[in-house]
Amino acid sequence: MNDEGTPPTDPAEASRLAVRVLAQVRRAVVGKDQALTLVLAAILAKGHVLLEDFPGLGKTLAARSFAQALGLEFTRAQFTPDLLPADLTGSFLYDQRRGSFEFRRGPIFTGLLLADEINRTPPKTQSALLEAMQERQVTVEGETFALPDPFHVLATANPIEYEGTYPLPEAQLDAQQEPIELGYPSSEEEYDVLARRLARGREEIHLAPVTDAAGLRALQEATERVQVDESVSRYCVALAAATREHGDVLTGASPRGSLGLVLCARGFALLRGRDYVIPEDVKAVARAVLAHRITVRPELWMTEASGLRVVDDVLRRVPTPSTLEGVVRP
């Protein structure tokens with residue numbers, strides 16, 4: 001929101017607001033600047049995020065902090081093997097006083113949903129979440145209910161504990177705009193976490209909202225106005241196509257991958273204070289957008305081959321387009 005309390009209307013003003021949101025989240029989450037930037041870039045692109053990392057690295061804190069800074073309603077759903085679709089979407093309950101069934105909304109009716117340990121729930125519940133992520137709606141007993149706007153999912157997954165988990169289907173992974181790793185903090189960053197907790201005198205961290213749902217919608221509309229030159233769009237297509245032709249790959253990134261590159265690069269550009277995308281924006285988001293969309297050939301599973309290595313390789317091989325003077329403005 002600007003000083004008059006109205007949502008931003010141009011990319012320059014939207015960029016300043018988005019940077020303020022990021023700065024507010026950094027007050028709670030220490031030393032994860034690149035990861036937090038990618039998360040917000042995905043949200044600006046109207047996408048969803050998978051935070052895949054070890055326990056205790058701040059995934060839940062990051063999700064809650066973004067909800068508070070963006071002024072969104074926040075709910076957390078702990079995914080377990082016995083979680084039913086109705087536990088997430090809601091269900092019809094019989095009201096004896098009225099003599100009729102009424103729909104009671106589940107935790108998915110929110111602005112930002114933390115889907116904690118998403119790979120612990122069975123495919124039936126995952127499919128209900130997939131509908132919500134792709135269609136922004138849920139279907140219960142044949143009746144469709146629209147979700148709030150904006151609606152975003154920040155899902156978490158533990159990459160080391162596989163007992164009692166269900167592999168995420170390709171469609172579920174493809175619906176995630178970006179899987180992001182937070183990583184371990186440095187010694188100084190870890191000390192900063194301890195010092196802040198001791199100085200705060202309480203466990204909870206409360207962040208003042210920088211904007212609200214209307215402001216986020218305006219930010220997303222401003223992101224839609226970020227310019228993408230044809231050369232940059234063709235660069236995104238070339239990168240996605242190169243993953244399909246790579247020798248280590250069984251299946252490469254789909255056209256949704258090249259689209260995800262363009263959309264997230266626009267969000268990243270806005271956070272960098274520009275109303276146009278340059279190739280470096282695409283490179284900055286490429287690993288997060290493309291790696292999870294790549295399946296390595298089965299005979300290479302015991303080697304160092306991975307989606308990330310494939311993306312790094314195609315970034316080196318595919319020629320970077322030169323910046324066009326008529327598009328990039330100082």
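**Exercise 1. Compare the expected span of helix H8 (residues 213-224) with the distance between its end C-alpha atoms.**

*Solution.* Helices (H or I, at least four residues) and strands (E, at least two) are DSSP runs, numbered from the N terminus. The expected span of a helix is 1.5 Å times one less than its number of residues. For the twelve residues of H8, this rule gives 16 Å. The end C-alpha atoms lie 17 Å apart, which agrees with the expected span.

The model is predicted: local features need pLDDT of at least 70, side-chain atom pairs count only at pLDDT 80 or more, and totals for chains, interfaces and linings use all residues. Residues are numbered from 1 along each chain as its sequence is written, and side-chain values use heavy atoms, with hydrogens and water left out.

**Exercise 2. Determine which residues of H8 are buried, and which elements they pack against.**

*Solution.* Step one is the criterion: buried means under 20% relative accessible area, exposed over 50%, and partly exposed in between (1.4 Å probe, protein chains only). By this criterion, Gly-215, Leu-216, Ala-218, Leu-219, Gln-220, Ala-222 and Thr-223 of H8 are buried. An α-helix has 3.6 residues a turn, so residues three or four places apart point the same way.

Step two concerns the partners, where contact means heavy atoms within 4.5 Å. The buried residues of H8 pack against four helices and a strand: H1 (11-26), H2 (33-44), H3 (59-70), H10 (255-271) and strand E8 (152-157).

**Exercise 3. Describe the setting of Ser-65 and of Ser-306.**

*Solution.* Ser-65 belongs to helix H3. With a relative accessible area of 2%, Ser-65 is buried. Leaving aside residues up to four places away in sequence, Ser-65 touches Val-25, Ala-28, Val-29 and Leu-207.

Ser-306 is found in the loop between strand E11 (295-296) and helix H12 (307-317). Its relative accessible area is 25%, so Ser-306 is partly exposed. Ser-306 and Val-296 are ten residues apart in sequence, and their C-alpha atoms are 6.2 Å apart in space.

**Exercise 4. Locate the residues Lys-46, Glu-117 and Pro-150, and state the backbone feature of each.**

*Solution.* Most residues other than glycine have a negative phi, and most peptide bonds are trans.

- Lys-46 is not a glycine, yet has a positive phi of about 65°. Lys-46 sits in the loop between H2 and strand E1 (49-52), and counts as partly exposed because its relative accessibility is 38%.
- Glu-117, also not a glycine, has a positive phi of about 55°. Its loop joins strand E5 (112-116) and helix H5 (123-135), and its relative accessible area of 23% makes Glu-117 partly exposed.
- Pro-150 is joined to Asp-149 by a cis peptide bond, with omega about 5°. Pro-150 lies in the loop between strand E7 (143-146) and E8.

**Exercise 5. State how many helices and strands the protein has, and what share of its residues is buried.**

*Solution.* The protein has twelve helices and eleven strands. Of its 330 residues, 50% count as buried. Among contacts between residues at least 6 apart in sequence, 79% join residues at least 24 apart.
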